[in-house]
Every structure is written in C-alpha cells, then in structure tokens.
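The following exercises ask the reader to describe a protein structure step by step. Each task is followed by a worked solution.

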Amino acid sequence: MSNVVDFDEALKVVRGQAGSLHKLETDGAPLLECINRVLAEPVVADRDQPPFERSTRDGFAVRAEDASGPRRLIGQIRAGERWTSAPLQRGQAIEIMTGAPMPQGSDAVVMVEHVELGDGSIRLLQGRMVRTGENIVRRGSEARAGDVVLAEGTVIGGAEIALAAACGRSGLSVFRRPRVAIVATGDELVELDETPDEQQIRNSNSYGLAALVAKAGGDAVRLPIARDRSDDLERLILEARSCDLLLLSGGVSMGKYDLVEEVLHEMEAEFFFTGVRMQPGKPVVFGTLPASGGFPAQFFFGLPGNPVSTQVTFHCFVEPLLRAMGGAEVSPPRFAQATLGEDVAGKPGLTRVLPARLTCDWARPEVRVVVWQGSGDLAANARANCYAVLPPDVERFRAGDVITVLLR
C-alpha cells in the first residue's frame with residue numbers, strides 16, 4: 001500500500017485530482033453574503049465604466065491646444081453634476097473636481113497646484129505644459145457595457161463586491177459551499193467541555209481544521225472523536241459519507257493503533273499517496289472512497305495528528321482541492337518569494353515547511369523561522385504568519401537567500 005512521494009509530486013497529484021471535479025450546485029445570495037464564496041456565473045458591466053469622461057484630479061478643464069496664456073474661468077463642475085452651458089471655447093477654463101464629468105469642448109485637466117490664480121482667470125506656472133487627455137479617464141476605458149468583468153470561478157472578496165455593486169448587482173449566483181467532515185482520532189483526546197487527565201489532550205485539531213475549512217470556503221461538519229478502534233473509526237467514516245470531503249486527523253503514522261489507512265483500505269479506498277517527503281507532515285494520506293450506499297465517491301485526507309503537521313498539510317494539499325471543489329479555478333497553494341533573514345538548516349531528502357514570520361517594508365519582504373519545539377508546538381504556529389518552504393538536499397540555507405514561503 002505504501003506510496004510515498006516527493007513534495008512537488010504530491011502538489012501535482014492534488015492539482016490533477018482537483019481538475020477532475022464536477023461543479024457543485026448553485027444558489028443565489030445577497031451581495032454581502034457572497035464574501036469568500038465562488039461566483040457561479042459571469043458578472044457583466046451594465047453600462048460603460050466609467051459611464052462618462054471624468055476628471056481624475058481637482059483642477060481646471062481646458063483645451064490643451066490653447067496657448068499658455070491666461071484662461072478665463074467661466075464656471076465650476078462638482079462630482080455628480082454635469083455641464084449644461086455652451087461648450088468650452090478657446091481661452092476659457094472651468095473649475096472641476098475629482099470624479100466630475102468633463103464639459104463638452106475640453107480635452108484635459110490642469111491640476112490646481114500647476115496654475116496661478118488671477119482675477120477670474122488661471123495661468124500655467126512657468127515651465128508647465130498640458131497635453132490632450134491629461135488627468136482624464138475616457139468613457140468605457142475600464143469596461144464596455146456587456147463586457148465580462150468577473151468570470152465564473154472567481155473567489156469573491158472586497159474588490160469583487162465593489163465591482164459587482166458598481167454594475168448594479170445586489171445579489172450574485174454562487175456555488176454551494178463544500179461540506180467537509182472532520183474526524184479527529186485518538187484515545188488521548190477529550191472534548192473542550194471535559195477536564196483532561198494528565199495524560200490527555202484537548203481536541204484542538206478539530207477546531208483548527210474547522211476554522212481553516214471556513215476560511216477556504218467550506219462548511220465544516222465536526223464529528224465526534226474516533227477512538228483507536230477499527231469499528232469506531234469505520235462508523236464515523238460512514239457517518240461522514242454525506243459530506244463532499246472527509247478530513248481525518250491522527251492515526252496515519254506507523255504505530256500499532258494508527259488505524260486510518262487500514263480501515264480505509266478495508267473500505268476499498270483508492271490511495272493517491274500514503275506519505276510525502278516533507279517535514280512536518282510526512283505521513284499525510286490522500287485518496288478517494290468509492291461510491292457506496294447511495295453516496296458518490298468521496299475524497300479524503302488523512303492528516304498527521306500533531307497540530308502543526310495538521311495545519312501545514314491542510315494549507316499545502318487540502319486547501320487547493322477544497323477551493324476547487326467550491327468552484328474556484330484550480331490553482332496551487334499561495335506561494336511567494338522572500339529573503340531569508342537568518343541561516344536555517346536543510347534536511348536530506350525532505351522538503352521542510354517551517355512556521356515562520358514574514359515582515360515587509362517598502363523595499364523587500366523578509367522571512368525568519370519561528371523558534372519552535374516540533375510539530376506539536378501550537379504556540380509557535382500561532383506566532384507564525386506563513387511557512388518557510390525549504391527544498392530537500394540543501395545542507396544549509398544562508399541569510400540573504402531568496403526562498404519560497406507558503407502564505408496562509
């Protein structure tokens with residue numbers, strides 16, 4: 001059953017499976033309830049954007065061909081107004097505010113700070129020139145009426161909400177959120193309303209995964225803890241079959257009571273990989289359960305039980321699949337580049353994905369690995385805001401090296 005793959009190969013496998021997904025059902029939602037949902041139909045511009053030629057500066061509407069002599073002020077246009085008098089003539093100027101429509105006859109805007117004001121007139125400052133089209137946005141230059149401005153599959157954020165609103169959309173058609181079953185495994189786990197004995201730990205993975213699922217656009221369904229018995233684990237896996245995706249945490253290592261792979265194998269699961277050469281997160285499992293009992297085939301991930309490993313493997317593998325399940329375009333995890341702020345050791349044969357802190361100024365982003373006590377260190381993971389991704393077989397990465405970071 002063993003099929004341990006390199007980190008790059010695991011990313012390709014997940015992306016390939018994401019590309020085979022069928023679209024979920026759609027529904028309509030009010031505009032502000034569409035945040036972090038995925039658009040199920042294109043949004044088109046209902047009119048030209050902008051719908052008129054508009055000024056991008058506070059200043060004066062003029063004819064650029066006029067000589068640099070004085071121009072007589074004949075009026076003012078504020079945003080929301082339009083010029084209804086005669087077209088602008090040679091030697092004239094109209095005071096205009098940012099966002100106001102250009103008056104007929106004008107073809108440029110001179111900024112306030114580039115003129116000197118006289119008695120009812122303006123004159124360009126010494127050495128200043130004005131060119132046709134200066135400080136003007138042309139009608140329809142952003143979009144023409146009927147143009148697609150948001151494509152199906154777009155994840156909706158603040159910018160998309162604003163654009164849809166500008167097109168007069170008070171609601172949108174979006175894909176249903178995927179339902180994600182979460183099963184934490186282990187006899188050592190207790191729920192939050194229980195007092196743990198000295199040898200027990202609270203079921204933090206279930207809550208952490210639920211939060212990550214929600215952020216990635218899914219609806220989390222937290223199921224009870226699965227005890228380290230095959231029958232209990234199978235019962236909860238069957239209970240999860242009504243969901244679109246199954247996440248199991250723990251039970252995927254090589255211990256005597258790590259039963260996840262064994263139970264999934266007995267349920268005729270197909271495994272795409274049973275481990276990834278990475279640290280932390282090496283025991284991660286990915287596959288699919290066959291259609292059964294009236295339910296369609298179901299993707300599953302067996303995630304390592306140590307909480308940092310759980311979250312690292314979620315960001316690397318679960319999140320791209322989950323977003324695609326929700327209708328978004330198939331894409332890799334959110335990688336970026338940053339300069340390493342300190343020396344860090346590599347690991348022979350393993351891609352290291354380490355909790356790290358990314359800091360940015362105007363010049364360049366810098367990343368430093370967070371001091372941690374291994375893959376069970378939730379406090380270190382909370383201090384991090386990204387992960388440093390260090391490829392295998394490099395003995396040492398030096399301060400100043402440009403490396404990949406995984407955003408979260």
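**Exercise 1.** State the volume of the second largest pocket and describe its lining.

*Solution.* Step 1: In this predicted model, the second largest pocket has a volume of about 390 Å³. Step 2: Its lining consists of 18 residues. Those nearest the centre of the pocket are Leu24, Asp244, Pro296, Ala297 and Met325. Step 3: Sorted by class, the lining of the second largest pocket comprises eight nonpolar, five polar and five charged residues.

**Exercise 2.** Describe the largest pocket by its volume, its lining residues and the elements that contribute to the lining.

*Solution.* Step 1: The volume of the largest pocket is about 520 Å³. Step 2: It is lined by 31 residues, and the closest to its centre are Asn205, Pro304, Gly305, Asn306 and Pro307. Step 3: Two or more lining residues come from each of strand S16 (201-202), helix H3 (204-215), strand S20 (275-279) and H6. Step 4: The lining of the largest pocket divides into eleven nonpolar, 15 polar and five charged residues.

**Exercise 3.** Determine how many cavities of 30 Å³ or more the structure holds, and characterise the largest cavity.

*Solution.* Step 1: There are three cavities of 30 Å³ or more in the structure. Step 2: The largest cavity has a volume of about 70 Å³. Step 3: Its lining is made of 14 residues, of which Asn36, Val38, Ala216, Gly217 and Gly326 are the closest to the centre. Step 4: By class, the lining of the largest cavity contains seven nonpolar, three polar and four charged residues.

**Exercise 4.** Decide whether helices H1 and H6 are roughly parallel, roughly antiparallel, roughly perpendicular or oblique to each other.

*Solution.* Step 1: Two packed helices are described by the angle between their axes and the distance between the axes. Step 2: The axes of helix H1 (residues 7-18) and helix H6 (residues 307-325) come within 9 Å, and they cross at roughly 15 degrees. Step 3: Angles under 35 degrees count as roughly parallel. Step 4: H1 and H6 are therefore roughly parallel to each other. Step 5: The handedness completes the description, for H1 passes H6 in a right-handed crossing.

**Exercise 5.** For the sheet that contains strands S17 and S14, give the strand order, the edge strands and one pair of bridge partners.

*Solution.* Step 1: This open sheet is formed by six strands in the order S17-S14-S18-S22-S21-S19, with mixed pairing. Step 2: Strand S17 (219-222) and strand S19 (270-273) are the edge strands, each of which pairs on one side only. Step 3: On average, neighbouring strands of this sheet are turned by 25 degrees against each other, direction ignored. Step 4: S17 pairs with strand S14 (residues 179-184) in the parallel sense, over four bridges. Step 5: Within this pairing, Arg179 has Asp219 in S17 as its bridge partner.

**Exercise 6.** Carry out the corresponding analysis for the sheet that contains strands S6 and S7.

*Solution.* Step 1: The order of the six strands in this open sheet is S8-S5-S7-S6-S10-S9, and the pairing is mixed. Step 2: The edges are formed by strand S8 (108-111) and strand S9 (115-117), which each pair on one side only. Step 3: Neighbouring strands of this sheet are turned against each other by 40 degrees on average, direction ignored. Step 4: Strand S6 (residues 71-77) and strand S7 (residues 92-96) run parallel and are joined by four bridges. Step 5: The bridge partner of Ile77 in S7 is Ile96.

Definitions and conventions: Residues are numbered from 1 along each chain as its sequence is written. This is a predicted model: local features need pLDDT of at least 70, side-chain atom pairs count only at pLDDT 80 or more; totals for chains, interfaces and linings use all residues. Side-chain values use heavy atoms; hydrogens and water are left out. On a 1 Å grid over the protein atoms alone, a cavity is a set of points where a 1.4 Å probe fits but cannot get out, and a pocket is an open set with protein on both sides within 12 Å along at least five of seven lines; lining residues have an atom within 4 Å of a point. Grid points are joined across faces, edges and corners, and a volume is the space filled by probe spheres set on the points. Ala, Val, Leu, Ile, Met, Phe, Trp, Tyr, Cys and Pro count as nonpolar, Asp, Glu, Lys and Arg as charged, and the others, Gly among them, as polar. Two strands pair if DSSP finds at least two bridges between them. Axes are lines fitted to C-alpha atoms, for helices over the stretch in contact, and angles run from 0 to 180 degrees between N-to-C directions. Angles under 35 degrees count as roughly parallel, over 145 as roughly antiparallel, 65 to 115 as roughly perpendicular and the rest as oblique. A crossing is left-handed if the near helix is turned anticlockwise from the far one by less than a right angle, and right-handed if clockwise.
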